[in-house]
Amino acid sequence: MAQHEFLSSSVARELLAGQDWCPFIPVFGAPSVMFVRGEGTELWDVNGKRYLDFLCGIAVTSLGHSNKAVARAISRQADTLLHVSNFFSNPVATEAAMLINGLMRVAGAGEGQVFFCNSGAEANEAAIKLARKFGGRGRHVVVSALGSFHGRTLGALAATGQPAKHEPFQPMPEGFRHVSYGDVDAVVAAIDQTVAAVLLEPIQGEGGVIPAPDGYLQQVAAVCRERGVLLMVDEVQTGFARTGKWFGFEHSGVSPDVVMFAKALGNGMPVGALWARRDVAEVFSPGDHGSTYSGTAIATAAVIAVINEMMALDAPARAREAERWIRSELADCEHVDHIRGNGLLLGVVLAKGLDSKSVYTASLEAGLVVNAVSADTIRMAPPLNVSRSEVAEACAILKRVMAQVADDGSKGDV
Ligand SMILES: *Cc1c(COP(=O)(O)O)cnc(C)c1O
């Protein structure tokens with residue numbers, strides 16, 4: 001297909017015709033590939049080149065691109081009712097919230113309630129406010145982990161344990177404390193009379209695909225219970241079958257008090273959610289929090305379709321099966337040191353000397369979308385319904401690319 005068939009605006013055509021300006025505020029670095037279409041695990045760029053998408057946005061399009069059930073739900077809802085305000089209710093958000101509550105109950109988290117928002121950062125902001133209201137005046141501190149990622153808005157950024165991301169925007173909001181991830185004693189030491197909640201990811205996604213060490217979440221949960229502090233689990237990246245269970249916290253068998261979702265929740269429709277156990281949720285009263293788009297029908301129609309589709313697929317089992325395929329494809333590859341993570345949130349740690357940026361760039365060139373999540377680690381997060389042959393094809397590309405990068409590197413040394 002010719003370029004102009006994809007592009008409705010003359011501005012975009014000019015951009016592709018070699019204009020060197022970009023219409024976006026430059027927070028994302030230079031745009032590289034422009035994608036115009038996706039189907040399942042496949043993507044096509046503006047030149048018609050095909051790619052395998054083993055990143056899914058960043059664990060967003062877990063059911064693949066242009067998923068029929070999700071697309072149908074969104075377009076039907078667009079023809080029926082897009083939005084009413086929160087002065088009223090709509091059956092779509094109600095059903096979506098009930099589905100999330102049901103999944104959380106089955107996961108052992110107990111009876112809870114949902115607040116819908118538009119992103120992961122907003123879900124974390126809502127959680128931070130809930131923790132502050134729960135703790136009461138003077139007991140408002142949130143303890144989170146170094147290397148964590150909770151979003152880019154000021155509160156979520158303050159919770160994010162990455163000092164370099166704070167630096168240009170100091171001073172950060174007050175009331176956040178960071179401890180090293182995996183260290184129970186550090187959590188114990190950080191909890192005093194001012195602490196309302198501990199906020200953790202079950203696997204640090206942006207931090208490099210770092211799973212919680214065995215026993216860590218259980219021990220932190222016990223400390224939280226003992227000290228009357230909330231355990232808030234950020235499932236924005238790990239939630240909804242990504243790790244081979246419906247929720248990442250299930251791997252450790254804990255029952256969090258508060259859980260945040262986004263990413264896969266809408267398969268690309270922007271939507272987030274805060275879940276809280278009933279006795280915690282009820283500290284919020286009308287007016288304490290809100291959002292114009294909370295529970296908007298078009299976004300929550302996608303949530304219903306995603307959950308139903310994931311249940312029909314048994315998405316957690318699919319993720320575990322495809323994890324085995326990937327691990328076996330890469331098992332005896334000399335360029336892979338080891339693989340971290342669970343289900344289809346995997347960090348492929350490269351052998352010494354291989355740089356993930358080069359592997360990322362060469363993979364993209366070869367038609368495979370992955371991501372360099374840290375200097376030596378490639379993140380893989382393919383759709384949960386990825387096929388055996390797509391896994392074989394992607395791993396073959398990755399192995400070829402790693403060999404080529406290693407080869408170029410050794411030539412450079414001479
Ligand atoms: C992506 C991510 C967020 C932020 O979500 P946005 O939708 O980008 O605001 C928060 N927490 C975790 C664990 C994430 O991976």
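User: What is the volume of the second largest pocket?

Analyst: In this predicted model, local features need pLDDT of at least 70 and side-chain atom pairs count only at pLDDT 80 or more, whereas totals for chains, interfaces and linings use all residues. Residues are numbered from 1 along each chain as its sequence is written, and side-chain values use heavy atoms, without hydrogens or water. A pocket is an open set of points, on a 1 Å grid over the protein atoms alone, where a 1.4 Å probe fits and protein lies on both sides within 12 Å along at least five of seven lines. With the space filled by probe spheres set on the points taken as volume, the second largest pocket has about 760 Å³.

User: Which residues of its lining are closest to the centre of the second largest pocket?

Analyst: The lining (residues with an atom within 4 Å of a point) consists of 32 residues. Elements giving two or more residues to this lining are α5 (91–106), β4 (112–117), β12 (272–277) and α11 (278–281), where helices (H or I, at least four residues) and strands (E, at least two) are DSSP runs. Closest to the centre are Gln-113, Val-114, Phe-115, Phe-116 and Ser-294.

User: Which helix gives the largest share of the shell around the ligand?

Analyst: The ligand is surrounded (a heavy atom within 4 Å) by Ser-119, Gly-120, Ala-121, Asn-124, Phe-149, His-150, Gly-151, Glu-201, Asp-234, Val-236, Gln-237 and Lys-263. The largest share of this shell is three residues, and the element that supplies them spans residues 120–135. That element is helix α6.

User: How far is a nitrogen atom of the ligand from an N or O atom in the side chain of Asp-234?

Analyst: The ligand's polar contacts (pairs of N or O atoms within 3.5 Å) involve both backbone and side-chain atoms. A polar backbone atom of Phe-149 lies 3.2 Å from a ligand nitrogen, and a polar side-chain atom of Gln-237 lies 2.8 Å from a ligand oxygen. For the side chain of Asp-234, the distance to a ligand nitrogen is 2.7 Å.

User: Which are the edge strands of the open four-stranded sheet?

Analyst: Strands pair if DSSP finds at least two bridges between them, and on this basis the order is β1-β2-β3-β15 with mixed pairing. Each edge strand pairs on one side only. The two that do so are β1 (35–39) and β15 (368–369).

User: Which glycine has a positive phi in the hairpin of β1 and β2?

Analyst: β1 and β2 (residues 42–45) run antiparallel and are joined by four bridges. Among the partners, Arg-37 is bridged to Trp-44 and Gly-38 to Leu-43. Two residues lie between the strands of this hairpin, and the glycine with a phi near 60 degrees is Gly-40.

User: Which residue in the turn between β2 and β3 has a positive phi?

Analyst: β2 and β3 (residues 50–53) are antiparallel, with three bridges; Glu-42 stands opposite Leu-52, and Leu-43 opposite Tyr-51. Their hairpin has four residues between the strands. The turn residue with a phi of about 85 degrees is Gly-48.

User: In which sense, parallel or antiparallel, do β3 and β15 pair?

Analyst: Leu-52 of β3 stands opposite Leu-368 in β15. Two bridges link these strands, and their sense is parallel.

User: Which residue that is not a glycine has a positive phi of about 60 degrees?

Analyst: Most residues other than glycine have a negative phi, and most peptide bonds are trans. A cis peptide bond, with omega about 0 degrees, joins Gln-170 and Pro-171; Pro-171 is placed in the loop between α8 (163–166) and β6 (176–179). The residue with the positive phi sits in the loop between β10 (230–234) and β11 (258–261). This residue is Phe-240.

Methods
Polar contact = N/O pair within 3.5 Å; in protein donor to acceptor, adjacent residues only side chain to side chain.
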